[in-house]
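Q: I have a new model open and want to go through it piece by piece. Can you take my questions as they come?
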Amino acid sequence: MKKLAIILAVVAGFVACAACSNTNTPEAVAKKAITALQKGDYDTYASTFDLSSNDQKWLAGMAEEKAKEGMDAKGGIKSFKITDSKINGDNATVTVHVIYNNGEEEDQHMSYVKVDDQWKQKMNK
């Protein structure tokens, strides 16, 4: 009985570690970013970018301003789905299909870079 409890504890530990590692993928960061936009959490959205903390604060303010212009006109984000993801070394692209509350749909192509073992969104130029 004691051996079974130890085996179950070890298996639970592996499952917990596997679940934690899934948060460090380009797809997980894309989901975090779009969910933050959906909720109006611009600080969290900005934290997904490869920027200094000062630049993240600036980006959060800009994102909020642009959301009022663009996303609010579309009624906000109704839902989204990751439709494609490609990793090439320390770079990745994720395609997210976004559906807005007014019925409009579009694909967002998000670029990522691995920085200090963490995936971060790149500013598209």
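Q: Which residue in S4 does Val113 stand opposite?
A: Val113 stands opposite Lys120 in S4. Keep in mind that this is a predicted model.

Q: How many bridges join S3 to S4, and which way do the two strands run?
A: Four bridges join them, and the strands run antiparallel. Strand S4 covers residues 118-121.

Q: What about the hairpin of S3 and S4, how many residues are between the strands?
A: Two residues lie between S3 and S4 in that hairpin, and Asp116 takes a positive phi near 50°.

Q: Back to Val113. Which residue stands opposite Val113 from the S2 side?
A: That is Asn91, which stands opposite Val113 in S3. So Val113 has a partner named in S4 as well, Lys120, if DSSP bridges are what counts as pairing.

Q: How many bridges join S2 to S3?
A: Nine bridges, with S2 and S3 running antiparallel. These two strands also form a hairpin, with four residues between them.

Q: Which residue in that turn has a positive phi?
A: Gly103, at about 95°.

Q: Stepping back, what is the order of helices and strands along the sequence?
A: The pattern reads α-α-α-α-β-β-β-β, from four helices and four strands.

Q: Now pockets. What is the volume of the largest pocket?
A: About 580 Å³. Of the 25 residues that line the pocket, the closest to its centre are Leu37, Tyr45, Phe49, Gln108 and Gln121.

Q: Which elements give two or more residues to that lining?
A: Two helices and two strands: helix H2 (26-39), helix H4 (53-69), strand S2 (91-100) and strand S3 (105-115). The largest share comes from H4, which gives six residues.

Q: And the lining of the largest pocket by class?
A: There are 15 nonpolar, six polar and four charged residues in the lining.

Q: What share of the protein's residues count as buried?
A: Of the 125 residues, 26% count as buried.

Q: How much accessible surface does the protein have, and what share belongs to carbon and sulfur atoms?
A: The accessible surface comes to about 8300 Å², and 55% of that belongs to carbon and sulfur atoms.

Q: Last one, on contacts between residues at least 6 apart in sequence: what share join residues at least 24 apart?
A: For the protein, 41% of those contacts do.

Definitions and conventions: Residues numbered from 1 in each chain as written. Predicted model: local features only at pLDDT ≥ 70, side-chain atom pairs only at ≥ 80, totals over all residues. Heavy atoms only, no water. 1 Å grid on protein atoms, 1.4 Å probe; cavity = no way out; pocket = protein on both sides within 12 Å on 5 of 7 lines; lining within 4 Å. Points joined across faces, edges and corners; volume = space filled by probe spheres on them. Nonpolar A, V, L, I, M, F, W, Y, C, P; charged D, E, K, R; others polar. Buried < 20%, exposed > 50% of the residue type's maximum accessible area, 1.4 Å probe, protein only. Contact = heavy atoms within 4.5 Å. Areas by Shrake-Rupley, 256 points an atom, 1.4 Å probe, with all protein chains shown as cover.
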